[in-house]
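Trainee: I would like to learn how to read surfaces and symmetry in a model. Can we work through one together?

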Number of protein chains: 2
Amino acid sequence: MENYSSELDGLFQALADPTRRAVLGRLGQGSASISDLAEPFDMALPSFMKHVRLLEESGLIRTQKQGRVRTCTLEKARFAMLENWLSEQRAIWEARTDRLEQLVLAKQEFLRDQQKRETGR
Amino acid sequence: MENYSSELDGLFQALADPTRRAVLGRLGQGSASISDLAEPFDMALPSFMKHVRLLEESGLIRTQKQGRVRTCTLEKARFAMLENWLSEQRAIWEARTDRLEQLVLAKQEFLRDQQKRETGR
DNA sequence: AAGATACTTAGCTGTTGAGCTAAGCGTTTC
DNA sequence: GAAACGCTTAGCTCAACAGCTAAGTATCTT
């Protein structure tokens, strides 16, 4: 039962490796079998499989086996979670800007009122 | 001398931890000192410092010390690198769609030509 | 049925990550 | 100048990660 935060953990963790990012790139061009995916990498198959499993656990890919071949597919929808997190961050920055604007506006108002008081108008 | 890929490694690695993401959120509201940042977390200061250092190494924050206080600032520009990577991925997907379209178009053309041959026109 | 193929499991090694405590250092504050 | 403050360093533990080899299983192919 993963919550939002630990899903993000897994997502970013999965992306923090060049092999796995390369696999995602490859899968962006279309589904592929494990050994097709593994071929470009100078790595023992069991090592490569670990990357695939991590990617699957993070939700970035789906896999299914037919006969002796396991086919991997990109789960494009999962990328929305990243966009979403980025938006959240930006929203925080904007909120701060809003607050700054409010401060500035409040100060302007104060100064205007003060001037009214001083000039009697 | 970090290259693009290892910078991404560091970036995603830095984001793959809830404490660090929370710090980024906090810094989105404005700069803060180490101890201000550390206050919400039930963690020894040296442990917390490691997170800060990782964030700084990833380029997501900048820090500077005045007197005994170190102030941390969000490096918003760094987030563009994420957007950029996401765009790259999307571009790959789109390229694939283009190729599919070309296949479909090629097939249509083939069928049209074939029909011409069969009908003699 | 034998052999090749495509993973899969088990288990080991070395490195990195996340946390801790204890103690140190430079800067205020009193 | 002593004490308090705000980090900082050093060094330890435990878990997770990235890689390996060796051997196993299930599915084609011949």
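Trainee: How many residues of the surface near DNA strand D are nonpolar, polar and charged?

Mentor: This is a predicted model. Sort the residues near the strand by class. Here, the surface near DNA strand D has nine nonpolar, six polar and six charged residues.

Trainee: Which residues come nearest to DNA strand D?

Mentor: There are 21 residues around the strand. A:A44, A:S47, A:G67, B:I34 and B:S35 come nearest.

Trainee: Which elements each supply at least two residues of that surface near DNA strand D?

Mentor: Look at both chains. Chain A gives α4 (45–58). Chain B gives α3 (34–38), α4 (45–58) and β3 (69–74). The largest share, four residues, comes from α4(A).

Trainee: Now the protein interface. How many residues of chain A are in contact with chain B?

Mentor: The size of an interface is often given as the accessible area lost when the parts come together. Here we count contacts instead: 24 residues of chain A touch 24 residues of chain B. On the chain A side, α1 (4–15), α2 (18–28) and α5 (79–119) each supply at least two residues. The largest share, eight residues, is from α5(A). By class, that side has eleven nonpolar, seven polar and six charged residues.

Trainee: What rotation superposes chain A on chain B?

Mentor: Check the angle, then the shift. The rotation is 180 degrees, with 0.0 Å of shift along its axis and an RMSD of 0.0 Å. The two copies are therefore related as by a two-fold rotation axis. In chain A, the C-alpha of A:F12 is nearest the axis, 2.6 Å from it.

Trainee: Why do we say that the copies meet through the same surface?

Mentor: Because 100% of the interface residues of chain A are also interface residues in chain B.

Methods
Residues numbered from 1 in each chain as written. Chains lettered and ligands numbered in written order. Predicted model: local features only at pLDDT ≥ 70, side-chain atom pairs only at ≥ 80, totals over all residues. Contact = placed C-beta atoms within 7 Å. Nonpolar A, V, L, I, M, F, W, Y, C, P; charged D, E, K, R; others polar. Near = placed C-beta within 6 Å. Least-squares fit on C-alpha atoms with pLDDT ≥ 70 in both.
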